[in-house]
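Trainee: I would like to learn how to read a few features of a model. Could we go through them one at a time?

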Amino acid sequence: MTRHLAWGLEGRTAMVTGGAGAIGRAVTEAFAEAGCRVAVVDLDAAAAAAVAAQLGSDHAGFGADLGQIAALPALVAAVEARLGPVGVLVNAAGVIRRSADLLAVGEADWDAQFDVNLKAAFFLAQAVARGMIARGQGGAVVNYSSQSWMTGGMAGSVVYSAAKGGVTTLTRGLARSWARHGIRVNAVAPGIVDSAMLRGPAISPAEIDALAAQIPLGRIGRPEDLAGATVFLASEMARYITGATLNVSGGFLMY
Ligand SMILES: NC(=O)c1ccc[n+]([C@@H]2O[C@H](COP(=O)([O-])OP(=O)(O)OC[C@H]3O[C@@H](n4cnc5c(N)ncnc54)[C@H](O)[C@@H]3O)[C@@H](O)[C@H]2O)c1
């Protein structure tokens, strides 16, 4: 009988950026559970090392500022030297700088959000795809968009949302371009997820409760709610899915 329900990820190397963040950490755990060697990449090198150490000795942490685009090929080389060829890339690192007053948004705010959310996602995918294409065995990229790619954002997150719109468009373009190499490229679009990124001075707990009340599944997301969707898109079970942006918002948006 044909097997239908296998991740097909055993023994692969999964590189997860933002791996020390709320969602990234849950994602690294899920890839480890699926049998991958996990490269935990984060700006916070010590936190990345701690996450990797908790996963076990098959995994490793890498400190990197993804805004340093020229350094990304060397980062991929370091990951591959340690853990083998990258078969899965998850671009989960993200930066938000909320500004209630759009008239006060400066160029540095724009650059900080576009550099990590969008520019690094492209150039890291490029650096990883070089090896995937050369090896001829395909691979999978999962980018982190946001439901704000559709809404334009809330609570002063217009620039962030524009970058996430770029992530969804980038995902489609890369998917179309690299399909012939067997590289699938998809995105996850979380709704409202409990994390450092969500909780901050720009949003009060009462506002978060008010948002939760509008979510059909009755609560805001937990980081681990994103793990299964991310692993699924990277896995053999999603082998005929490319260019998709998967809405994981508890029904807050439906599309
Ligand atoms: N939390 C939400 O409600 C929500 C909603 C929609 C989308 N997202 C997206 O999900 C992804 C994960 O977010 P999260 O909620 O876990 O946030 P988080 O802030 O907990 O994690 C983000 C991680 O990215 C890392 N990072 C930031 N800048 C970096 C850089 N220059 N180089 C390397 N690493 C860097 C941070 O150190 C952090 O560990 C992000 O792409 C975010 O935009 C989150």
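Trainee: What span should the 12 residues of helix α1 have, and how far apart are its end C-alpha atoms?

Mentor: Some ground rules come before the helix. This is a predicted model, where local features need pLDDT of at least 70, side-chain atom pairs count only at pLDDT 80 or more, and totals for chains, interfaces and linings use all residues. Residues are numbered from 1 along each chain as its sequence is written, and side-chain values use heavy atoms, with hydrogens and water left out. Helices are DSSP runs of H or I with at least four residues, strands are runs of E with at least two, and both are numbered from the N terminus. The expected span of a helix is 1.5 Å times one less than its number of residues. For helix α1 (residues 22-33) that gives 16 Å, and its end C-alpha atoms are 17 Å apart, which agrees. Just after α1, Gly35 has a positive phi of about 100 degrees.

Trainee: Which residues of α1 are buried?

Mentor: Buried means under 20% relative accessible area, exposed over 50%, and partly exposed in between, with a 1.4 Å probe and protein chains only. In α1 the buried residues are Ile23, Gly24, Ala26, Val27, Thr28, Ala30 and Phe31. Elsewhere, Ser161 in helix α6 is buried at a relative accessible area of 3%. Val141, in strand β5 (residues 139-144), is also buried, at 1% relative accessibility.

Trainee: How many residues surround the ligand, and which are the closest?

Mentor: A residue counts as near a molecule if one of its heavy atoms lies within 4 Å of it. Here 27 residues surround the ligand, and the closest are Ile23, Asp42, Tyr160, Val193 and Ser195. Helices α1 and α6 (158-178) each supply at least two residues of that shell.

Trainee: Which polar atoms of Ala22, Asp65 and Val193 lie by the ligand?

Mentor: For a polar contact, look for a pair of N or O atoms within 3.5 Å; within protein, one must be able to donate a hydrogen and the other to accept it, and residues adjacent in sequence count only if both atoms are side-chain atoms. A polar backbone atom of Ala22 is 2.9 Å from a ligand oxygen. In the side chain of Asp65, an N or O atom is 2.9 Å from a ligand nitrogen. For Val193, a backbone N or O atom lies 2.8 Å from an oxygen atom of the ligand. Taken alone, the ligand exposes 830 Å², of which the protein buries 89%; such areas come from the Shrake-Rupley method with a 1.4 Å probe, and for residues only the protein chains shown count as cover.
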